[in-house]
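Me: I have a structure open at my bench and would like to understand the words people use for it. Could you take me through the reasoning?

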Amino acid sequence: NIFTILITNRFIHDDDIVTMITEMIAHSKTMQIINIILYPLNEDNHILNKYGLDCKGYKVLFKIMKSVADNRYIKSLCLHSIKDYNIVLAPEIAQQIVYKLQSETLIAFHLGNFTISETFAQQFFFQIVSTRSICVLSIESDDVKRFPIRALIKIIEQNVSLQVLAFICAHTASDGDNEEVVEDINE
């Protein structure tokens, strides 16, 4: 019931495997938990310190996210980058996440180490506030300023189904920014 995809350069460039996996995700009635992990490796199979998705990489990620959004049996979605590469989720990919949230079939969602646009942030937080199915929400970012804490507080106040909210920030901003975040949380 659990399927984990490590998105490596080798995976991105294997069209047959990508097609087979996206079709399997879209049509499986037993798959309930999907973990999609961006895991770029160098020739020695070590994790890259710097990385960026090219057009093909975005296209593959879109196909995977579309297949997840199309499958109503998937209850948990994890979209995570092994490191924070400052990769912005393309609007088409972000929209697939919104579609999946709107389907009211997702009960757990994790987004880790991706940068999101302000437009997507607004849609995402609106959807999380209004959903009745999401029970677990986890967000990880190396930069505390990327995700508006006030929006997370609104989720806590208004969402009736949420039982677990995790906000993980490995690296923090300047001390002044940290004080502002702490004040927001205390409020």
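Me: What makes the pairing of Asp15 and Lys56 a salt bridge?

Reply: Happy to help, and please keep in mind that this is a predicted model. The side chains of Asp15 and Lys56 meet at 2.4 Å, N to O. The cut-off is a side-chain nitrogen of Lys or Arg within 4 Å of a carboxyl oxygen of Asp or Glu, so the pair qualifies as a salt bridge. The structure holds 2 salt bridges.

Me: Which parts of the chain does the pair link?

Reply: Distant ones: Asp15 sits in helix 2 (residues 15–27) and Lys56 in helix 3, with their positions 41 residues apart in the numbering.

Me: Why are helix 3 and helix 4 called roughly parallel?

Reply: Their axes cross at roughly 10° and come within 9 Å. Angles under 35 degrees count as roughly parallel, so that label fits helix 3 and helix 4. On the helix 3 side (residues 55–70), the contact includes Tyr58, Leu61, Phe62 and Met65, while helix 4 brings Ile93, Gln96 and Ile97, among others. By class, the contact residues are 9 nonpolar, 1 polar and 3 charged.

Me: How do you know that helix 4 and helix 5 are also described properly as roughly parallel?

Reply: The reasoning starts from the angle between helix 4 (residues 91–102) and helix 5 (residues 118–130), which is about 10°, with the axes 10 Å apart. Set against the limit of 35 degrees, that angle makes the two helices roughly parallel. Ala94, Val98 and Leu101 are among the residues helix 4 contributes, and Phe120, Phe124 and Ile128 are among those from helix 5. This contact has 7 nonpolar, 4 polar and no charged residues.

Me: What makes the space lined by Ile7, Leu61 and Phe114, among others, count as a cavity?

Reply: A cavity is a space where a 1.4 Å probe fits but cannot get out. Counting those of 30 Å³ or more gives 1 cavity, and the largest cavity has a volume of about 40 Å³. Its lining also includes Ile36, Ile37, Leu38, Gly57 and His80.

Me: Which elements give two or more residues to that lining?

Reply: They are strand 2 (33–38), helix 3 and strand 3 (76–81). Strand 2 gives the most, with 3 residues.

Me: How many lining residues are nonpolar, polar or charged?

Reply: The lining has 8 nonpolar, 2 polar and no charged residues. Gly counts as polar here, so Gly57 belongs with the polar residues of the lining.

Conventions
Residues numbered from 1 in each chain as written. Predicted model: local features only at pLDDT ≥ 70, side-chain atom pairs only at ≥ 80, totals over all residues. Heavy atoms only, no water. Axes fitted to C-alpha atoms, helices over the stretch in contact; angles between N-to-C directions. Helix = DSSP H or I, 4+ residues; strand = E, 2+ residues; numbered from the N terminus. Parallel < 35°, antiparallel > 145°, perpendicular 65-115°, else oblique. Contact = heavy atoms within 4.5 Å. 1 Å grid on protein atoms, 1.4 Å probe; cavity = no way out; pocket = protein on both sides within 12 Å on 5 of 7 lines; lining within 4 Å. Points joined across faces, edges and corners; volume = space filled by probe spheres on them.
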